[in-house]
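Please open the model in your viewer, with side chains available for display, and follow the stops below in order.

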Amino acid sequence: MSNVCEEQIFSKVFKTHSKTVFNYIFYKFGNEEKANDAVQEAFVKLWQNCAKVSPEKAKSYVYTVANNLYLNVIKAEKVRLKHADSLVKDRTNESPEFLMEEQEYKEKLDNALNALPENQRTTFLLNRIDGKKYAEIAEMEEVSVKAIEKRMHLALKSLRKHIDGI
């Protein structure tokens, strides 16, 4: 019987799931460094408990540990998601009006995303940014696909209300 303690199996689990676990936690944290720390710690815990975790359960184990780490940090710090400012300030080919409108739209979008409850924001970003299917998100969040559909519906409804024409 194989287990996660075998370096080849652990390596495969890491290569297969580390990026999606990172994205999942990053969307919750809104902080790349903290997300990296949570992912690293989750995989360290997997390695420490490798004899107890079968390869089939490794993905679920890592998501659960990473999510629990996130929840512990949130309890301690009361962190809200903040998006990095992706607007490049030194553009020369756009008019000042375009840059101002773009900044206003970005602020509206950030405010609308920050106004969403965490579960709706996470679902929306995983689906629309990472291209995850509802079933994948449901598995990560350990809820039903119907719950994910409802979250997405409510998120889109809220975003439409906050941002005209989204």
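Begin by selecting glutamate 139, which at a relative accessible area of 48% counts as partly exposed; bear in mind throughout that the model is predicted. Add lysine 59 to the selection, and you have a salt bridge whose closest N and O atoms are 3.7 Å apart. Because lysine 59 sits in helix H3 (residues 55-77) and glutamate 139 in helix H6 (residues 134-141), the pair ties together parts that are 80 residues apart in sequence. Lysine 59 is likewise partly exposed, with a relative accessible area of 27%.

Next, select lysine 28 and glutamate 118, which form a salt bridge with their closest N and O atoms 3.2 Å apart. This pair, too, links distant parts of the chain, since lysine 28 belongs to helix H1 (residues 7-29) and glutamate 118 to helix H5 (residues 118-128), with the two positions 90 residues apart in the numbering. Is lysine 28 buried or exposed? Its relative accessible area is 5%, so lysine 28 is buried, whereas glutamate 118, at 29%, is partly exposed.

For a pair within one helix, move to helix H7 (residues 145-162), where lysine 146 and glutamate 149 lie three residues apart, about one turn of the helix. The two form a salt bridge, the closest N and O atoms being 3.4 Å apart. Lysine 146 is exposed, with a relative accessible area of 62%, while glutamate 149 is partly exposed at 32%. Now select Lys28, Glu118, Glu141 and Arg151 together: salt bridges that share partners join these residues into one network. The count for the model comes to five salt bridges.

Turn now to the aromatic rings, for which the count comes to six aromatic pairs. Select phenylalanine 10 and phenylalanine 43, an edge-to-face pair at 6.2 Å centre to centre, with 90° between the planes. Phenylalanine 10 is in helix H1 and phenylalanine 43 in helix H2 (residues 32-48), so that the pair links parts of the chain 33 residues apart. Both of these phenylalanines are buried.

Keep phenylalanine 43 selected and add phenylalanine 14: the ring centres are 4.9 Å apart and the planes stand at 75°, so this pair is also edge-to-face. Phenylalanine 14 lies in helix H1 and phenylalanine 43 in helix H2, and the pair therefore ties together parts that are 29 residues apart in sequence. Phenylalanine 14 counts as partly exposed at 37% relative accessibility, whereas phenylalanine 43, at 4%, counts as buried. To finish, add Trp47, and the selection shows the cluster that ring pairs form from Phe10, Phe14, Phe43 and Trp47.

Technical notes. Residues numbered from 1 in each chain as written. Predicted model: local features only at pLDDT ≥ 70, side-chain atom pairs only at ≥ 80, totals over all residues. Heavy atoms only, no water. Salt bridge = Lys/Arg side-chain N within 4 Å of Asp/Glu carboxyl O. Helix = DSSP H or I, 4+ residues; strand = E, 2+ residues; numbered from the N terminus. Buried < 20%, exposed > 50% of the residue type's maximum accessible area, 1.4 Å probe, protein only. Phe/Tyr/Trp six-rings, centres within 6.5 Å; stacked < 30°, edge-to-face > 60°.
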